[in-house]
Amino acid sequence: MSAQMYLAYDYPLLSAFWTMLWFFLWILWFILLFRIVVDIFNDDSMSGWGKAGWLVFVVLVPFLGVFVYVIARGRSMGRRELERAHAQQQAFDSYVRETAKGGGGRPSSVDELARLSEMRARGDITDEEYGRAKALVLSDFGPVGGPSGTVQSTSGR
């Protein structure tokens, strides 16, 4: 009695699954390989000869080189990636803070109203001019006055 042996590969659905699994693992390995090559070049603590040695090892003996690199330097690879992400986040946060301050842009309406109030208190503008300038600032029609953003007095003072 000879019994025929069926393997998982003999069934069409399992064959497709098996092919997709191998394809996924192949793509995953290439992603890991490229991340390791980028990490080798971005590592500032490694000398040029060290970088060249690791690169030759990873390129000439790809599977073994990738696995040895992940085992030997995987922890520091993750740490360097975290430091780069943290530095990028800090740079983005400082950019947002500087931009939110209005660096070089038009002064905020609160600043302009405070300046108008000071000018009225000093007597540089009348109450009527203050009311018109305040209405312009609150209606957001643009900077009040000249190019410096200050209110121009029309009373000749």
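**View 1. Helices α1 and α2 cross with a left-handed turn.** Let's start with this pair, as seen in a predicted model. The axes of α1 and α2 approach to within 9 Å, with a crossing angle of roughly 165°. Angles over 145 degrees count as roughly antiparallel, so α1 is roughly antiparallel to α2. On the α1 side, look for L33, I36, V37, I40 and F41. Their counterparts on α2 are K51, W54, L55 and V58. By residue type, this contact of α1 with α2 has eight nonpolar residues, no polar ones and one charged.

**View 2. Eleven residues build the largest nonpolar core.** Several residues from the first view return here, including L33, I36, V37, I40, W54 and V58. They are joined in this core by W29, M46, V66, Y69 and M77. Three helices each give two or more residues to the core: α1 (12-42), α2 (48-60) and α3 (62-100). Helix α1 supplies the largest share, with five residues. For a helpful bit of background, nonpolar side chains in soluble globular proteins tend to be buried together.

**View 3. A close look at L33 and its contacts.** Which residues does L33 touch, once its neighbours within four places in sequence are left aside? The partners are V58 and V66. Away from the largest core there is a second, separate one of six residues, with L116, M119, A133 and V137 among them.

**View 4. R73 sits in helix α3.** Is R73 buried or exposed? Residues under 20% relative accessible area are classed as buried, so R73, at 17% relative accessibility, counts as buried. Setting aside neighbours within four places in sequence, R73 has contacts with D43, M46, W54 and R80. Two of these partners may look familiar: M46 and W54 also belong to the largest nonpolar core.

**View 5. Helices α4 and α5 meet further along the chain.** Helix α4 covers residues 109-122, and helix α5 covers residues 127-139. Their axes come within 10 Å and cross at roughly 180°, which means that α4 is roughly antiparallel to α5. From α4, the residues to find are S109, E112, L113, L116, S117 and R120. They meet D127, Y130, A133, K134, V137 and L138 in α5. Sorted by type, the contact of α4 with α5 comprises six nonpolar, two polar and four charged residues. L116, A133 and V137, which take part in this contact, are also in the second core.

Definitions and conventions: Residues are numbered from 1 along each chain as its sequence is written. This is a predicted model: local features need pLDDT of at least 70, side-chain atom pairs count only at pLDDT 80 or more; totals for chains, interfaces and linings use all residues. Side-chain values use heavy atoms; hydrogens and water are left out. Axes are lines fitted to C-alpha atoms, for helices over the stretch in contact, and angles run from 0 to 180 degrees between N-to-C directions. Helices (H or I, at least four residues) and strands (E, at least two) are DSSP runs, numbered from the N terminus. Angles under 35 degrees count as roughly parallel, over 145 as roughly antiparallel, 65 to 115 as roughly perpendicular and the rest as oblique. Contact means heavy atoms within 4.5 Å. Ala, Val, Leu, Ile, Met, Phe, Trp, Tyr, Cys and Pro count as nonpolar, Asp, Glu, Lys and Arg as charged, and the others, Gly among them, as polar. A nonpolar core is a set of buried Ala, Val, Leu, Ile, Met, Phe, Trp, Tyr and Cys residues joined through side-chain atoms within 4.5 Å. Buried means under 20% relative accessible area, exposed over 50%, partly exposed in between (1.4 Å probe, protein chains only). A crossing is left-handed if the near helix is turned anticlockwise from the far one by less than a right angle, and right-handed if clockwise.
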